[in-house]
Amino acid sequence: MAPQKPNPSLQDLLLASWRHDQEHSRDSHYPSPEPKILCYSSDPSGLAARQGNQSKIRQQLLENCEQYVLNYLPTHLLRIRDMALITRAEFWEAERPRVEHELRDFDLQRFLEFKQASSGPSSRSRTRGDEIMNTNRDAYIRSLFKFAMFSHRWGDDEPQFNDILDKRLTENPTIGYKKLLKFCERAIDYECRYAWSDTCCINKESSVELDEAIRSMYRWYNIATVCIVHLAKSLSVDDFESDPWFTRGWTLQELLAPQVLRFYGKDWEPICPETSTREKAGDKAIKEIWSAIEAVTGIPHDDLWHFVPSCDRVAEKMTWASQRKTMKIEDAAYSLLGLFNVSLPIAYGEADRAWYRLMAVIANECTDASFFAWAGPPSPYSRALPSSAASYLKLDPRISTSLFNRRHPSYEVTKLGVVIKMLVIPARCNVLEDSVGRDIGYTVTPYNLEPFLVGADVPHGHVEDYKLGIVNFRSIGDAALVDAEDECHCLVLARARSDDQGWTMVNTECVVVVRCVEEIRSKGPEIVLLYHTNDYEGALRRRAHRYNPVVESTD
């Protein structure tokens, strides 16, 4: 058997490709000398020479491990062997000797191949040399620190932080404490000696720690070795539809963030017994599981398998959250921070303002046109922003979501309102009334769009001007246009004075999407200010004050 040829280096591949181009080049006027190759060797020994010797690499990795533990792990962890709460500093003090011993046997070649083995064969061609070093570091470090996260529905007698700290429940365990013990038993199956539960691992008396926990929780679930889910109302996937775990606000990120997820039923037996604890993806790899979850939640399989937090696909993610409930009003917003990869100061007591702040920070960080695909009651803090995730359920399901695929880079929230670029067109709006004379909506006849009827919160008072703002227009150079037969996502705009610089967004009962009858072309989009407040009502008050000044009493 002939010996295998070594894999060609990156330099060899580049040089061979250049020689091939030279042989087939038709340009004889500019002969090219052999070029200097600007790349580093991908040979491990060459890499070690550039990085210094292996002892320096070990020392750097040890420092990286310390930074990882003290900055990325949960503030407190539960040590399973004695059910004691420990801080990150205590965790590092206990684990450092083991890590130092692990790094003593550190093999650079094995380290270079670490990520390749876990990511599949295709990644080797994409990462070489120093890039492999950087890519592998995080995965290698994370593999050194195993801990399990718990996801469940809270009961009435859950163990609290001080209960565990003072060991109050060891002699007379409550039902909640017994559940915690069962979770720890399952964590051991995954070689985890530490665990985390939201009931007892957060010192809720410390506002600083609570703030950090809420903002970091998505990351904690993501970097955990395994997330163990206890479904207290289920014995099989057939029970998922009625299990309340799938209706709670916080469990949405606990479903999407973990890389390894394992479901246990109310008897603490695995929902899928055939799943091995060695299975890298846990129950996410089992079709029976993810098909049932997809049917219950509406979340696509690709997102269940590998969700990437970001500020895109706003409307779609909001529909996932729209059917979920939280005990505290503020948690409806705080539980979505991780999904959108944004951060907010935590301020319990602010009620609906938390949702307004969430939408404002998403608006200022994303370029997703579906951000405006909402309808119904607005936020009490801005008529241009939705009041809840349920506002995104007002889109006709027959309309393709591809309508919102176009990026819309120009909108932001300011002190006065939401500033957005739109293609603004004239529209004639006639108010519709019900049988008792109440205003219930409009018949709208826009320029070059099909006319439509829409239920709406009709502005009270005088409105001098109506227009439609088309969100999903196309830009060609400086021009803004919509092609004939295109579906147009529109906002209904009203203002009390024709010389006003801003508009009030009329809140419709459904998302307005209508067909373009004839091509619309404009010199460019307009920058539109959508007021936070009802400016037409403000204008009325200003006019009333101007013509009917209040005479102060002199008595």
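# A guided tour of pockets, rings and loops

About 670 Å³ of space lies in the second largest pocket, and that is where we begin. Keep in mind as you go that this is a predicted model.

**Stop 1: the second largest pocket**

Select Trp154, Asp198, Trp250, Met327 and Asp331. Among the 22 residues that line the second largest pocket, these five lie nearest its centre. Now colour the lining by class: you should find eight nonpolar, five polar and nine charged residues. Which helix gives the largest share of this lining? That is H9, with three residues. Helix H10 (251–256) joins H9 in supplying at least two lining residues each.

Stay with Asp198 for a moment. Its place is in the loop between E4 and H9. Is Asp198 buried or exposed? Its relative accessibility is 13%, so Asp198 counts as buried. Add Met217 to your selection: 19 residues separate Asp198 and Met217 in sequence, and their C-alpha atoms are 9.3 Å apart in space.

**Stop 2: aromatic rings**

Show the side chains of Phe, Tyr and Trp next. The structure holds 21 aromatic pairs. Zoom in on Trp196 and Trp220, an edge-to-face pair with 5.7 Å from centre to centre and 65 degrees between the planes. This pair links distant parts of the chain, 24 residues apart: Trp196 belongs to strand E4 (residues 194–196) and Trp220 to helix H9 (residues 207–223). Trp196 has a relative accessible area of 0%, so it is buried. Trp220 counts as buried too, at 1% relative accessibility.

Move on to Phe240 and Phe246. Their rings form a tilted pair, with centres 5.0 Å apart and planes at 40 degrees. Both of these phenylalanines, Phe240 and Phe246, are buried.

For a bigger group of rings, select Tyr68, Tyr72, Phe91, Trp92, Phe145 and Tyr194, which ring pairs link into a cluster.

**Stop 3: charges over rings**

Two more selections bring a charged side chain and a ring together. With Lys328 and Tyr348 on screen, look for the charged end of Lys328 over the ring of Tyr348, 5.5 Å from the ring's centre. Then pick Arg353 and Tyr381: here Arg353 lies over the face of Tyr381, 5.0 Å from the ring centre.

**Stop 4: the cavities**

Let's turn to enclosed space. Rolling a probe the size of a water molecule over the atoms shows where empty space is left. Searching the whole structure gives three cavities of 30 Å³ or more. The largest cavity has a volume of about 80 Å³. To find it, select Trp374, Leu491, Met505, Val506 and Thr508, the residues nearest its centre among the 15 that line it. What is the make-up of the lining of the largest cavity, by nonpolar, polar and charged residues? It divides into 11 nonpolar and four polar residues, with no charged ones. Strand E16 (residues 487–495) gives the most to this lining, four residues.

**Stop 5: the cysteines**

Select Cys184, Cys200 and Cys201. A disulfide is a covalent bond between the sulfur atoms of two cysteines. How many disulfides are there? The count comes to zero. For Cys184, the closest cysteine sulfur is that of Cys200, and no bond forms because the distance of 7.8 Å is too far. Cys184 is also buried, at 3% relative accessible area. Cys201 is in no disulfide either, and its nearest cysteine sulfur, in Cys200, is 4.0 Å away. With a relative accessible area of 2%, Cys201 is buried.

**Stop 6: three loop residues**

Finish with some loops. Val463 is in the loop between strand E12 (452–455) and strand E13 (465–470). Val463 is buried, with 16% relative accessible area. Draw a line from its C-alpha atom to that of Ser498: these two residues are 35 apart along the chain, and the separation is 9.2 Å.

Now go to Glu191, in the loop between helix H8 (175–189) and E4. Its phi is near 60 degrees, a positive value in a residue other than glycine. At 43% relative accessibility, Glu191 counts as partly exposed.

Your last selection is Ala351, found in the loop between helix H15 (337–340) and helix H16 (353–365). Ala351 has a positive phi as well, near 55 degrees. With a relative accessible area of 29%, Ala351 is partly exposed.

Technical notes: Residues are numbered from 1 along each chain as its sequence is written. This is a predicted model: local features need pLDDT of at least 70, side-chain atom pairs count only at pLDDT 80 or more; totals for chains, interfaces and linings use all residues. Side-chain values use heavy atoms; hydrogens and water are left out. On a 1 Å grid over the protein atoms alone, a cavity is a set of points where a 1.4 Å probe fits but cannot get out, and a pocket is an open set with protein on both sides within 12 Å along at least five of seven lines; lining residues have an atom within 4 Å of a point. Grid points are joined across faces, edges and corners, and a volume is the space filled by probe spheres set on the points. Ala, Val, Leu, Ile, Met, Phe, Trp, Tyr, Cys and Pro count as nonpolar, Asp, Glu, Lys and Arg as charged, and the others, Gly among them, as polar. Rings of Phe, Tyr and Trp (its six-membered ring) pair if their centres lie within 6.5 Å; planes under 30 degrees apart count as stacked, over 60 as edge-to-face and the rest as tilted. Buried means under 20% relative accessible area, exposed over 50%, partly exposed in between (1.4 Å probe, protein chains only). A charge sits over a ring if NZ of Lys or CZ of Arg is within 6 Å of the ring centre and within 35 degrees of the ring normal. A disulfide is a pair of cysteine sulfur atoms within 2.5 Å.
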